[in-house]
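Student: Please take me through the nonpolar core of this model in detail, and then through the aromatic residues.

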Amino acid sequence: MPFSKWDVSLVAHWFTIIGLGMYSANCKKVIKNGNHLINSTESEIEKELGIKSRLHRKKLRLALSCVNNDCDPLTKSASKLNYLWVAKWLDDIGLPQYKEAFVEARIDGSVLHHLTIEDLTDLNLTIKLHYASIKRGIQVLRSQNFNPTCLKRRASPEEANKKDWSPELISLWTSHRTMEWLRSIDLSEYTPNLRGSGVHGGMIIHEPLFDSDLLATLLSILSTKTLLRRHLTTYFNKLIGQKLVQEKRDYQAKSTPLLPSTKLSVSVIP
């Protein structure tokens with residue numbers, strides 16, 4: 001049955017299914033049927049349904065477009081990932097500190113796919129490095145058609161003795177898998193410092209401003225420890241390959257460095 005012909009009880013139940021069950025009671029009071037909801041204005045959704053959260057309204061609009069098959073294929077694939085999966089994904093990319101805000105906003109796969117800088121500032125994300133981490137994490141998910149099992153959380157048995165990986169495989173590494181690699185190159189003492197930094201494989205491969213110096217800073221390896229930093233640089237450059245190392249250098253030569261403390265400025269982010 002087309003969504004437009006659903007009665008109010010079905011529509012109210014659907015609100016619960018998509019994670020917006022807190023509005024089901026209001027839905028039963030003011031919505032006549034699916035067609036009524038589809039044709040409701042933004043103002044009506046905010047006032048009559050009581051959906052004050054801009055992100056909740058965005059989620060509802062995206063969910064409606066998916067249930068009506070009025071969305072692009074990538075959004076449709078992303079919509080299969082619910083907000084609890086996205087919360088786990090924040091662990092995977094090394095940003096668990098934002099889980100509560102994302103869960104409260106009910107950020108699911110489709111909202112993640114269409115996330116804007118304004119959305120992120122609403123979620124109290126103010127660090128440019130963390131913005132880059134989320135941006136590159138989403139880039140990886142898009143490249144994998146939002147496959148829920150695409151990320152690599154641990155080294156497989158086949159990788160145990162492997163010394164070289166393709167950029168495509170590295171980009172799938174979670175923060176935990178990245179820490180495994182750091183421990184494998186004798187940096188176990190510094191690895192815990194990476195927690196909450198937003199470092200993952202997609203960041204390593206796809207972020208042109210991310211290099212071994214930034215990684216060393218995030219690991220809290222002091223600039224005076226030149227031998228240790230050189231050790232990290234050697235293994236990092238070997239990991240990503242000389243071609244990508246040069247591409248990053250070329251980009252960084254004409255760009256402002258990405259620092260852990262740099263604040264996110266909406267006006268300067270493309």
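Tutor: The largest nonpolar core (buried Ala, Val, Leu, Ile, Met, Phe, Trp, Tyr and Cys residues joined through side-chain atoms within 4.5 Å; buried means under 20% relative accessible area with a 1.4 Å probe, protein chains only) contains 33 residues. Those with the most contacts inside this core are Trp-181, Leu-182, Phe-210, Leu-215 and Leu-232. Two or more core residues come from each of helix 11, helix 12 (167–170), helix 13 (175–184), helix 14 (201–206), helix 15 (212–218), helix 16 (226–240) and helix 17 (242–252), where a helix is a DSSP run of H or I of at least four residues, numbered from the N terminus. Apart from this core lies another, of 31 residues, including Trp-89, Leu-112, Leu-123 and Phe-146. The model is predicted: local features need pLDDT of at least 70 and side-chain atom pairs count only at pLDDT 80 or more, while totals for chains, interfaces and linings use all residues. Residues are numbered from 1 along each chain as its sequence is written, and side-chain values use heavy atoms, with hydrogens and water left out.

Not counting residues up to four places away in sequence, Phe-210 is in contact (heavy atoms within 4.5 Å) with Val-199, Met-203, Ile-204, Leu-215, Leu-218, Phe-236, Lys-248 and Gln-252. Met-203 also touches Ser-133, a residue of helix 11 (residues 128–143). Ser-133 counts as buried because its relative accessibility is 0%. Beyond its neighbours within four places in sequence, Ser-133 further contacts Ile-93, Leu-95, Gly-198 and His-200. A polar atom of the Ser-133 side chain lies 2.6 Å from the backbone oxygen of Gly-198.

Next, the aromatic residues. Rings of Phe, Tyr and Trp (its six-membered ring) pair if their centres lie within 6.5 Å; planes under 30 degrees apart count as stacked, over 60 as edge-to-face and the rest as tilted. By this rule there are five aromatic pairs. Phe-3 and Trp-6 form a tilted pair, because their ring centres are 4.6 Å apart and their planes stand at 50°. Both Phe-3 and Trp-6 are buried, and they form one aromatic cluster with Trp-14 and Phe-15. Trp-165 and Trp-173 pair edge-to-face, at 5.3 Å centre to centre and 80° between the planes; Trp-165 and Trp-173 are both buried.

The ring of Trp-173 also has the charged end of Arg-177 over it, 4.2 Å from its centre (a charge sits over a ring if NZ of Lys or CZ of Arg is within 6 Å of the ring centre and within 35 degrees of the ring normal). Arg-106 lies over the face of Tyr-83, at 4.6 Å from the ring centre.

Technical notes. Buried means under 20% relative accessible area, exposed over 50%, partly exposed in between (1.4 Å probe, protein chains only). A polar contact is a pair of N or O atoms within 3.5 Å; within protein, one must be able to donate a hydrogen and the other to accept it, and residues adjacent in sequence count only if both atoms are side-chain atoms.
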